[in-house]
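User: Can you walk me through reading salt bridges and surface patches in a model?

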Amino acid sequence: MDFAFLGQTMLTLLEALPTTLALFFLSIAIGGLLAILIVWMRVGGNPVFTAIAKGYIFVFRGSPLLIQMFLIFYGLAQFGFIRYGPLWPLLREPFVCAVLSLALCTGGYTAEIFRGGIRAVSPREIEAARSIGMSGFLLVRRVLAPIAFRHALPAYSTEIVLMMKSTALASLVTVWEVTGVAQRLISHTYRTMEVFLCAAAIYLILNFIILQALGLLEYRLSRHRRAVPAALKA
């Protein structure tokens, strides 16, 4: 094992880390906003919106992310109204296509995770909020959304970790993030083991940080469950 080569490889891969992080944060942010919209359509009671939301979730959960990415990157150019439209300068960029495909995919999964969190909210808590005059957006903001997010957080943390690993697929549409740079290094040096060990170490560290941050968030949101009742203190 050439440790000098490992060190140089790690430095080279770290130069691509900002691209990986940009892919991750943009896809999670856009996918989260999209998931909120899909959940609203799914549980809002409008049969047309519900059907559209179900169809979206079925398509993006039922097909491989890699195929979705290829369809967006290579397929959008087949439509004249897109190729000659105002958004083409953005949609022809590999980075934008990668973010779009990642966000659309995670939006479908996240929508179902959030819907499960909403269904886990006890009806008694909603009735209690309504009994003191809460309704509409205030009820959602003060009661429904915080409780639902707390229930959904364990499953959502898994989805976030999966999205960090899924950023590696962007290398297949010529986005030079960590995995893409690793593959380029291998084509030049033919040292597969050392390069991929460095890449794996970077993803492991990133996912460790993500899991620790989400674990801390879950710990803080569950503070009320750790409170010791006054009767037990006595």
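Analyst: We'll take the ground rules, then the salt bridges, then the patch. This is a predicted model, where local features need pLDDT of at least 70, side-chain atom pairs count only at pLDDT 80 or more, and totals for chains, interfaces and linings use all residues. Residues are numbered from 1 along each chain as its sequence is written, and side-chain values use heavy atoms, leaving out hydrogens and water.

User: How many salt bridges does the rule give?

Analyst: Side chains of opposite charge can pair when their charged atoms come close. The cut-off here is a Lys or Arg side-chain nitrogen within 4 Å of an Asp or Glu carboxyl oxygen. That gives 4 salt bridges. One of them pairs glutamate 112 with arginine 42, with the closest N and O atoms 2.9 Å apart. Glutamate 112 sits in helix H7 (residues 94-119) and arginine 42 in helix H2, so this pair ties together parts 70 residues apart in sequence. Helices are DSSP runs (H or I, at least four residues), numbered from the N terminus.

User: Which other arginine meets glutamate 112 in a salt bridge?

Analyst: Arginine 61 does, at 3.6 Å, N to O. Arginine 61 belongs to helix H3, so here the parts tied together are 51 residues apart in sequence.

User: And which residues form the nonpolar patch?

Analyst: Patch members need over 30% relative accessible area and no salt bridge; nonpolar side chains (Val, Leu, Ile, Met, Phe, Trp, Tyr) are joined within 5 Å, like charges within 9 Å. Here they are Leu37, Trp40, Val48, Phe49 and Ile52, together offering about 500 Å² of accessible area (Shrake-Rupley, 1.4 Å probe, only the protein chains shown as cover). H3 gives the largest share, 3 residues.

Technical notes:
Helices (H or I, at least four residues) and strands (E, at least two) are DSSP runs, numbered from the N terminus.
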